[in-house]
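User: I am new to this structure and would like to work through it by question and answer. Please show it first, and then let us begin.

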Amino acid sequence: MSKNLSDLSFRKGLKYNLFDEMGKLAQDQGAPSQEELDALAEEFLIGKANTFGTASFYDFLKPENKGKKVYVCNGTACLCAGTQDSLIENLKTKFSPDEIGHMTCLGRCHENSAFNYNGKNYSGDNANDLNAIIDNQGSNNDKYNVAASGAQILTAEMSDVDDYFQVFKDTLQRGRDTALSEIKLSNLRGRGGAGFPMGLKLEFCKNEPGDVKFIICNADEGDPGAYSDRYLLEERPYSVLFGMMVSAFIVGSNHGILYIRAEYPESIEVVQNAIDTLKAKGLLGKDICGSGFDFEFKIIQAQGSYICGEETALINSIEGQRPEVRVRPPYPAQRGLFNKPTVVNNVETLAAVHYILNNCCQAWKDIGTERSSGTKLVCLDSLFNKPGMYEVEMGTPLATVVNELGGGFKRPVKAMQIGGPLGGLVPVTAIDQLTVDFESFAQNGFLLGHASVVCVPEDFPMIKFMEHLFEFASYESCGKCFPCRLGTKRGHELMQKAIEEEYKIDKNLLDDLLTTLEEGSLCAHGGGIPLPIRNTLQYFNEELKTYFN
Ligand SMILES: Cc1cc2nc3c(=O)[nH]c(=O)nc-3n(C[C@H](O)[C@H](O)[C@H](O)COP(=O)(O)O)c2cc1C
Ligand code: SF4
């Protein structure tokens with residue numbers, strides 16, 4: 001059935017997109033009405049239950065969103081920094097409690113006190129002048145350090161657009177096989193979490209038959225603490241677009257889709273401007289530079305759901321289906337968006353392609369470690385003395401990142417959550433053991449993931465941290481498989497009871513629950529949440545023992 005829905009969703013092409021239309025219908029009131037959803041269902045020849053099932057899934061399409069005016073960030077960095085309670089009190093001087101909603105991570109982890117009003121994000125001291133913000137006169141600027149400790153690639157200043165895209169014109173001349181071979185030999189691995197080699201994915205898709213294929217940029221950066229994709233989208237948009245255009249040329253695709261989270265309104269604007277510039281320069285459209293290659297971009301604005309970062313949920317989302325994770329195989333490279341071969345890559349992965357084609361595969365391979373080549377962006381939150389975005393060569397000691405680049409901690413910190421909610425919880429005692437690369441983290445029982453760093457201060461109770469993780473996992477579960485749908489909820493209840501009542505958690509019961517999640521979950525959402533929980537139990541046993549029997 002969902003295969004048919006994919007085909008039906010594509011009936012009107014990519015330009016008139018079902019999910020996009022739902023987003024537009026939500027703009028005025030905060031959610032589409034039932035009548036509007038029914039009319040869309042009729043237009044796309046799908047059931048009314050489908051449009052209802054989709055709209056009711058998303059934070060910014062569901063009926064509960066109606067009437068919300070201001071959204072307070074409830075991500076991990078703002079939670080650990082402890083800034084949001086006073087922010088809410090401040091906002092209550094201008095908004096009724098019913099008008100205050102939440103958004104999960106606005107990518108302002110370096111300043112906290114983050115909130116969204118009228119389509120703009122604010123953080124740090126911005127909220128001091130709410131009157132100006134309400135009058136659309138307030139500053140929404142944020143500041144963070146940007147630096148590289150070794151090779152500077154992703155954070156390097158860009159030459160002008162024409163120079164930068166000369167490499168694309170050269171690529172069109174040299175042919176798709178040469179470009180593919182360079183990317184494969186560079187051993188560029190995906191930066192979205194799983195570390196899958198980009199070249200292999202492109203090759204699989206290239207080898208699939210079919211005239212219609214898609215390149216998707218996964219810009220749904222949902223990991224609280226991560227703002228490196230936001231940085232690239234807003235400060236280096238051409239590097240991301242370049243990577244997509246080369247990918248499309250290699251696999252034979254004419255359509256690039258950027259799925260950008262609604263929580264990053266500025267990113268959407270900057271990327272759209274960059275697309276318009278490329279179009280004006282004749283680098284998009286039909287028969288680009290007389291090469292016979294046609295290519296267009298489309299931005300799809302997400303609507304508030306963490307699981308849409310998982311690539312198959314993301315594909316369902318673009319199709320306007322309820323964004324449940326798909327069973328693999330078939331993999332997206334075989335049957336992805338609208339049942340067509342599709343490559344999904346993370347923003348940072350795509351941004352690395354220009355350097356590889358401009359300098360050759362070996363130049364990228366020479367940086368980093370043997371299995372983790374190149375550089376990696378690491379973002380540090382506000383509990384560092386120098387919060388910001390740092391580009392490091394893979395294999396750089398974590399201690400260098402924490403103590404030299406980050407300048408150490410502002411106040412006592414006991415652990416860092418690295419790699420988002422599904423990443424590990426690294427106690428400060430383990431800092432000297434780790435280097436920033438996939439292997440070091442995995443060998444030591446952690447996960448590099450997207451390499452965002454959120455500090456847990458000494459005075460933040462670890463039981464509360466585990467409660468937050470389970471609550472997040474349960475709220476964001478797509479609900480497709482039982483272990484995750486039920487297990488994350490039960491985990492949250494256990495933690496809540498231990499905090500609120502004289503309840504002692506049975507260690508074996510919790511262990512069984514974690515094993516069920518690890519072994520029974522369909523995707524890495526349910527399968528991944530046990531890792532930071534187990535890290536917390538292992539390293540903070542002493543602090544937590546009062547909650548267990
Ligand atoms: C729960 C979950 C959330 C994810 N969120 C993101 C995300 O926000 N951005 C991203 O690029 N990848 C995310 N991923 C990984 C994607 O499924 C996919 O592996 C990635 O986009 C592939 O790109 P890459 O090969 O360039 O890393 C997520 C995976 C899971 C299981
Ligand atoms: S593990 Fe969770 S998010 Fe993943 S498919 Fe199962 S229910 Fe959905």
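User: In which loop does Asn118 lie?

Analyst: This is a predicted model. Phi of Asn118 is near 50°, a positive value in a residue other than glycine. As for its place in the chain, Asn118 lies in the loop between S3 and S4.

User: In the open sheet of 4 strands, which are the edge strands?

Analyst: The order of this open sheet is S2-S1-S3-S4, and its pairing is mixed. An edge strand pairs on one side only, and that description fits strand S2 (100-103) and strand S4 (120-122). From one strand to the next, the twist averages 30°. The edge strands are therefore S2 and S4.

User: Do S1 and S2 run parallel or antiparallel?

Analyst: Tyr71 stands opposite Gly101 in S2. Strand S1 (residues 70-73) is joined to S2 by 4 bridges, and the two run parallel.

User: At what angle to S1 does helix H6 run?

Analyst: Helix H6 covers residues 84-92 and lies across S1, S2 and strand S3 (115-117). Angles are taken between N-to-C directions and run from 0 to 180 degrees. For H6 against S1, the value is about 165°.

User: What is the order of the strands in the open sheet of 6 strands?

Analyst: The pairing in this sheet is mixed. Its edge strands are strand S5 (145-148) and strand S14 (424-427), each of which pairs on one side only. The twist averages 25° from one strand to the next. Read across the sheet, the order is S5-S11-S10-S16-S13-S14.

User: How many bridges join strand S13 to S14?

Analyst: Strand S13 spans residues 413-418 and runs antiparallel to S14. In this pairing, Met416 stands opposite Val426 in S14. The number of bridges joining S13 to S14 is 4.

User: Which strands does helix H20 touch as it packs on the sheet?

Analyst: Helix H20 (residues 462-476) has a direction that makes about 15° with that of S13. Another helix, H24 (residues 530-539), lies across S13 and S14 and runs at about 25° to S14. The strands touched by H20 are S13, S14 and strand S16 (452-457).

User: What is the omega of the peptide bond from Pro329 to Pro330?

Analyst: Pro329 lies in the loop between helix H14 (311-318) and S9, and Pro330 is found in the loop between H14 and S9. The peptide bond from Arg328 to Pro329 is cis, with omega near -5°. The bond from Pro329 to Pro330 is also cis, and its omega is near 5°.

User: Which residues, apart from its neighbours within four places in sequence, are in contact with Pro483?

Analyst: Pro483 lies in helix H21 (residues 482-500). Its C-alpha atom is separated by 8.5 Å from that of Leu513, 30 residues apart along the chain. A contact requires heavy atoms within 4.5 Å. Leaving aside those sequence neighbours, the residues in contact with Pro483 are Thr488, Thr516, Leu517, Gly520 and Ser521.

User: How many residues surround ligand 1?

Analyst: The closest residues to ligand 1 are Gly192, Lys201, Asn345, Asn346 and Thr349. The shell divides into 5 nonpolar, 9 polar and 6 charged residues. The number of residues surrounding ligand 1 is 20.

User: How much of the accessible area that ligand 1 has on its own does the protein cover?

Analyst: A backbone N or O atom of Arg191 lies 3.4 Å from an oxygen atom of ligand 1, while for a backbone N or O atom of Gly192 the distance to an oxygen atom of the ligand is 2.7 Å. An N or O atom in the side chain of Asn345 is 2.8 Å from an oxygen atom of ligand 1. On its own, the ligand has 600 Å² of accessible area, and the part of this covered by the protein is 90%.

User: Which element gives the most residues to the shell around ligand 1?

Analyst: The elements that give two or more residues to this shell are strand S9 (342-346) and helix H23 (524-528). The most, 3 residues, come from S9.

Notes
Residues are numbered from 1 along each chain as its sequence is written. Chains are lettered from A and ligands numbered from 1 in the order in which they are written. This is a predicted model: local features need pLDDT of at least 70, side-chain atom pairs count only at pLDDT 80 or more; totals for chains, interfaces and linings use all residues. Side-chain values use heavy atoms; hydrogens and water are left out. A residue is near a molecule or strand if one of its heavy atoms lies within 4 Å of it. A polar contact is a pair of N or O atoms within 3.5 Å; within protein, one must be able to donate a hydrogen and the other to accept it, and residues adjacent in sequence count only if both atoms are side-chain atoms. Accessible areas come from the Shrake-Rupley method with a 1.4 Å probe; for residues, only the protein chains shown count as cover. Ala, Val, Leu, Ile, Met, Phe, Trp, Tyr, Cys and Pro count as nonpolar, Asp, Glu, Lys and Arg as charged, and the others, Gly among them, as polar.
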